[in-house]
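This briefing goes with a predicted model. Please read it with the sequence and structure in view.

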Amino acid sequence: MKLIIAIVKPFKLDDVRNALSDIGVQGITVTEVKGFGRQKGHTELYRGAEYVVDFLPKVKVEVAVSDDMSDKAVEAITQSANTGKIGDGKIFIMNLESAIRIRTGETGSEAL
Amino acid sequence: MEGQVIELAYALDTFYFLVMGAFVMWMAAGFSMLEAGLVRSKSTVEILTKNIALYSIASIMYMLVGYNLMYPAEGDGVIPAVNFFLGSGDNVAADVVASGGDVYYSGLSDFFFQVVFVATAMSIVSGAVAERMKLSSFLLFCVVMTGLIYPIQGYWKWGGGFLDAAGFSDFAGSGVVHLCGAAAALAGVLLLGARKGKYENGKINAIPGANMPLATLGTFILWLGWFGFNGGSELMVSNVGEANAVALVFVNTNAAAAGGVVAALLFAKILFGKYDLSMSLNGAIGGLVSITAEPLAPTPELAAIIGAIGGILVVLSIIVLDKSKIDDPVGAISAHGTCGIWGLIAVVLSNGDATLGAQIYGAAVIFAWTFVMALIFWGILKAVIGIRISEESEDVGVDVAECGMEAYPEFKQ
């Protein structure tokens with residue numbers, strides 16, 4: 001199993017969620033985060049004093065998938081989150097040791 | 001029949017005082033929202049607490065001693081007689097009718113109209129010292145400001161003291177209320193120091209306010225309340241001449257605020273390249289303060305210009321104060337002090353009875369008295385219990401440190 005962590009632009013969340021749903025990924029966790037890679041921040045002005053906004057709002061999407069779904073999920077995210085402009089985000093893939101459904105106690109890919 | 005007319009006029013003018021006073025009371029909500037919007041979220045609860053507490057302390061201190069100091073039964077023009085308590089007695093109908101209309105309003109309605117003004121003066125201080133002052137020190141200062149410092153300088157002008165005798169003109173309080181509040185604020189800010197991180201290595205750092213909608217709401221509430229502030233200061237509405245005067249005061253007040261907003265908006269755009277909402281809000285206040293010394297004599301067109309000049313001055317003053325490392329998170333000293341002085345001077349543009357010399361004299365006396373007295377009391381507080389919260393408290397935020405409460409507890413940082 002894999003845990004796929006994707007950092008995407010906030011307004012792309014719905015597209016990513018729909019794309020994952022279309023390929024059969026049913027569970028998803030979303031967190032509001034701030035960050036930057038190579039995308040620069042911008043300056044804002046408050047009562048004559050300039051200040052730099054470095055940390056840009058992003059959304060972190062986490063999905064746990066079985067190994068055979070991993071490539072399809074990555075492709076779904078990449079296509080739906082892509083705008084072609086700087087700051088589109090990144091995807092990280094981690095090995096997932098185990099997964100458990102709390103309600104029933106199912107483990108492994110049955111828990112996904 | 002004539003007795004009935006006199007009684008009716010008394011009732012109308014009393015009602016007028018009470019309603020206009022209620023409008024000015026509503027300005028306390030305006031200040032609360034404006035200040036809450038311009039500080040960081042971690043300082044919101046404390047500034048709201050200050051605002052409701054200062055209004056209440058002002059109401060009590062003015063009732064206990066301040067009102068009688070400001071409008072004493074006797075005084076030598078500089079030192080008023082000291083009397084305590086208000087009591088609940090008032091005019092009797094037979095006396096009112098017998099006076100032929102000279103006695104035309106309830107004594108208690110006059111108190112009510114005046115007490116909301118002292119609260120306004122005190123609330124100017126709360127914005128300037130925001131985010132780093134100890135709450136207890138602020139409240140103790142409030143007791144002294146509303147019970148002594150404000151009433152004495154108020155006596156010198158509105159209580160018939162020596163400033164009034166010298167020909168100093170201040171219709172609704174650009175000097176007595178706004179400059180006075182700003183002087184006390186400046187004294188406090190100088191002894192307090194700037195917020196941590198505001199001025200570093202010669203750079204002025206922005207500390208953006210947490211809630212622009214609240215700040216804007218607060219400004220609109222103040223604008224509305226100001227119709228009571230200036231309109232009520234005409235003190236009478238029950239005949240054609242007075243009713244017309246009140247109408248003109250309302251129109252001029254509105255015109256000055258509008259002029260202030262437009263001027264500040266455009267001026268900030270020219271200076272910074274962007275439209276700055278917070279400067280526009282300060283512009284409205286600056287315009288309103290500028291017309292407060294004389295909202296009756298000018299034409300509406302002149303009132304708009306006076307307000308516009310106030311709008312430009314408030315922007316300039318904010319910049320100058322920041323460059324001087326005087327940290328005023330809401331621009332209170334600029335809007336009420338700088339524009340208060342301008343408002344007093346602008347009186348001579350439309351009021352032929354006023355002289356530049358008397359206006360400057362009045363401004364100087366009010367400023368000197370308030371600034372020096374405030375410096376003394378802030379100084380005593382600083383020496384005895386301290387006026388500034390600790391650095392750790394400032395890091396975590398004065399809400400948690402002093403009030404044990406967060407304004408938005410569900411939005412964790």
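The points below cover the nonpolar cores first, then the sheet in chain A and the helices beside it.

In this predicted model, the largest nonpolar core has 127 residues. A second, separate core has 16 residues. Chain A also holds an open sheet of four strands.

**Nonpolar cores**

- Inside the largest core, the residues with the most contacts are B:Ala58, B:Ala183 and B:Ala185.
- Helix 1 of chain B (residues 2-38) supplies the largest share of this core, at 13 residues.
- Neighbours within four places in sequence aside, B:Ala58 is in contact with B:Val115, B:Val118, B:Ala119, B:Met122, B:Cys142 and B:Thr146.
- Among the residues of the second, separate core are A:Val8, A:Val63, A:Ala64 and A:Val65.

**Sheet in chain A**

- The strand order is 2-5-1-6, and the pairing is antiparallel.
- Strand 2 (29-35) and strand 6 (89-95) of chain A form the edges, each pairing on one side only.
- On average, neighbouring strands of the sheet are turned by 20° against each other, direction ignored.
- Strand 1 (residues 2-8) and strand 6 of chain A run antiparallel and are joined by seven bridges.
- In strand 6 of chain A, A:Met94 stands opposite A:Leu3.

**Helices on the sheet**

- Helix 1 of chain A (residues 13-22) lies across strand 1, strand 2 and strand 5 (56-65) of chain A, and runs at about 10° to strand 5.
- Helix 2 of chain A (residues 67-81) packs on the sheet and touches strand 1, strand 5 and strand 6 of chain A.
- The direction of helix 2 of chain A makes about 5° with that of strand 1 of chain A.

Notes. Residues are numbered from 1 along each chain as its sequence is written. Chains are lettered from A and ligands numbered from 1 in the order in which they are written. This is a predicted model: local features need pLDDT of at least 70, side-chain atom pairs count only at pLDDT 80 or more; totals for chains, interfaces and linings use all residues. A nonpolar core is a set of buried Ala, Val, Leu, Ile, Met, Phe, Trp, Tyr and Cys residues joined through C-beta atoms within 7 Å. A residue is buried if 20 or more other C-beta atoms lie within 10 Å of its own, exposed if 12 or fewer, and partly exposed in between; C-beta atoms are placed from the backbone. Helices (H or I, at least four residues) and strands (E, at least two) are DSSP runs, numbered from the N terminus. Two residues are in contact if their C-beta atoms, placed from the backbone, lie within 7 Å. Two strands pair if DSSP finds at least two bridges between them. Axes are lines fitted to C-alpha atoms, for helices over the stretch in contact, and angles run from 0 to 180 degrees between N-to-C directions.
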